[in-house]
Amino acid sequence: MDLKEVRAFCAVADGGGFSRAAAVLGTAQSVLSRQVSAFEGELGSRLFHRTGRGTQLTELGLALLPRARTLLAAYEQLVSEARGERGNPVGTVDLGIVPGWAQPLVTTLVQRLLADYPRLRLRVHEAYSGQVESWIANGQVEVAVFNRYRRGIVRGAEAVSRTDMMLVGPKNHPLLQHKEVPFRALDGVALCGPVLPNALTTVMAELAARHGIELNIVLEGSSSAILREAVARCGLCTIFPRPYVEREMADFAAARITKPVLEQTTWLAVGTQRPATLAARTVARLVRQILAG
């Protein structure tokens, strides 16, 4: 088996098509296509459904992808260690992260890498927690930062931050004239929130049912920027963690949600689908330090 073929297969699967994968690998699309076809020939079956809109993994492709990623990671780790680079990590690390922590964590992380680990490269994937957890579970990312809103332990992850959740809205909103607001007061308030399914919205729905109130979520957004604009231009309220509010929404009014207190715990995980490379462990350690600060 040619590792170039395996790498081509993984690149096309991750990129969703040959053109994007070719750009990432810095090779001609025709070369990449031949490598994937050769790999399919060795296996005796198709790995992708080719369509006019890109590629989709076949059942065999879906089954082989995690093992192919593990194979490549093990090879890269072997080469790195053979070169005596244990103390000088090299390679590219895929980081999955939620929008609320993407900035300034990513820029701070890149600054640290440039200063201390110039041979490390970072590939950042941003999404809400459910998607990030899915990525780390199936091996699409090697390091993940995600949130939970219930107390307890997350298997294979470590808690690195815990913070209050805040109701945020226009400065003249009647609910935001005090430092705290009881959860029951959210009854009927025009809200915007993350696109479902979402862990925060699920917990809020359960609390609403328990307190006999109705949440009025009039807008779902797939990014923090969309929700922030809805607050600024439409007069809606939303819920964000305290650090994000202090950093990004100083021009709005905010109040800590109480009775019950709504908390966000941020978790850091390193993938187990493939052996953790020195590069991935280094990125995880830096992320831990940044979040702790």
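V154 touches F146, R148 and W267, where touching, or being in contact, means heavy atoms within 4.5 Å and neighbours up to four places away in sequence are not counted. That small cluster is a handy way into this structure, which is a predicted model; local features need pLDDT of at least 70, side-chain atom pairs count only at pLDDT 80 or more, and totals for chains, interfaces and linings use all residues. Residues are numbered from 1 along each chain as its sequence is written, and side-chain values use heavy atoms, with hydrogens and water left out.

So where does V154 sit? Look in the loop between β5 (143–148) and β6 (157–169). V154 also has a far-off partner in sequence: A269 is 115 residues along the chain, yet the two C-alpha atoms are 9.3 Å apart in space.

**The whole chain**

Now zoom out. The protein chain has ten helices and twelve strands, which are DSSP runs numbered from the N terminus (helices: H or I, at least four residues; strands: E, at least two). Along the principal axes, its C-alpha atoms fill a box of roughly 65 × 45 × 35 Å. Of the 293 residues, 46% are buried. Take the contacts between residues at least 6 apart in sequence: 76% of them join residues at least 24 apart.

**Four residues to look up**

Here buried means under 20% relative accessible area, exposed means over 50%, and partly exposed is in between (1.4 Å probe, protein chains only).

| Residue | Relative accessibility | Counts as |
|---|---|---|
| A8 | 1% | buried |
| V154 | 9% | buried |
| T201 | 10% | buried |
| K259 | 66% | exposed |

T201 belongs to helix α7 (residues 199–211). Setting aside neighbours within four places in sequence, T201 is in contact with P194, L196 and I217. A peptide bond worth a look starts at one of those partners: from L196 to P197 the bond is cis, with omega near -5°. P197 itself is in the loop between β8 (190–194) and α7.

K259 has its own quirk, a positive phi of about 50°, although it is not a glycine. You'll find K259 in the loop between β11 (253–258) and β12 (263–270). For background, most residues other than glycine have a negative phi, and most peptide bonds are trans.

**Helices at the start of the chain**

A8 is part of helix α1. Not counting residues up to four places away in sequence, A8 touches L25, L32, Q35 and V36. Its C-alpha atom is separated by 9.0 Å from that of F18, ten residues along the chain.

How do α1 and α2 meet? The axes of α1 (residues 3–15) and α2 (residues 18–25) come within 8 Å and cross at roughly 120°. That makes α1 oblique to α2. An axis is a line fitted to C-alpha atoms, for helices over the stretch in contact, and angles run from 0 to 180 degrees between N-to-C directions. Angles under 35 degrees count as roughly parallel, over 145 as roughly antiparallel, 65 to 115 as roughly perpendicular, and the rest as oblique.

On the α1 side, R7, A8, A11, V12 and G15 meet F18, R20, A21 and L25 of α2. Those residues divide into six nonpolar, one polar and two charged. (Nonpolar covers Ala, Val, Leu, Ile, Met, Phe, Trp, Tyr, Cys and Pro; charged covers Asp, Glu, Lys and Arg; the others, Gly among them, are polar.)

Next along, α2 and α3 (residues 29–43) bring their axes within 9 Å, crossing at roughly 105°. That makes α2 roughly perpendicular to α3. Here F18, S19, A21, A22 and L25 in α2 meet Q29, L32, S33 and V36 in α3. By class, this contact has six nonpolar, three polar and no charged residues.

**A pair from further along**

Helix α5 (residues 99–116) and helix α10 (residues 278–292) have axes that come within 10 Å and cross at roughly 125°. The two are therefore oblique to each other. W101, L105, T108, L109, R112 and L113 in α5 meet V283, L286, V287, Q289, I290 and L291 in α10. This contact counts nine nonpolar, two polar and one charged residues.

Helix α5 also holds P104. The peptide bond leading into P104 from Q103 is cis, with omega near 10°.
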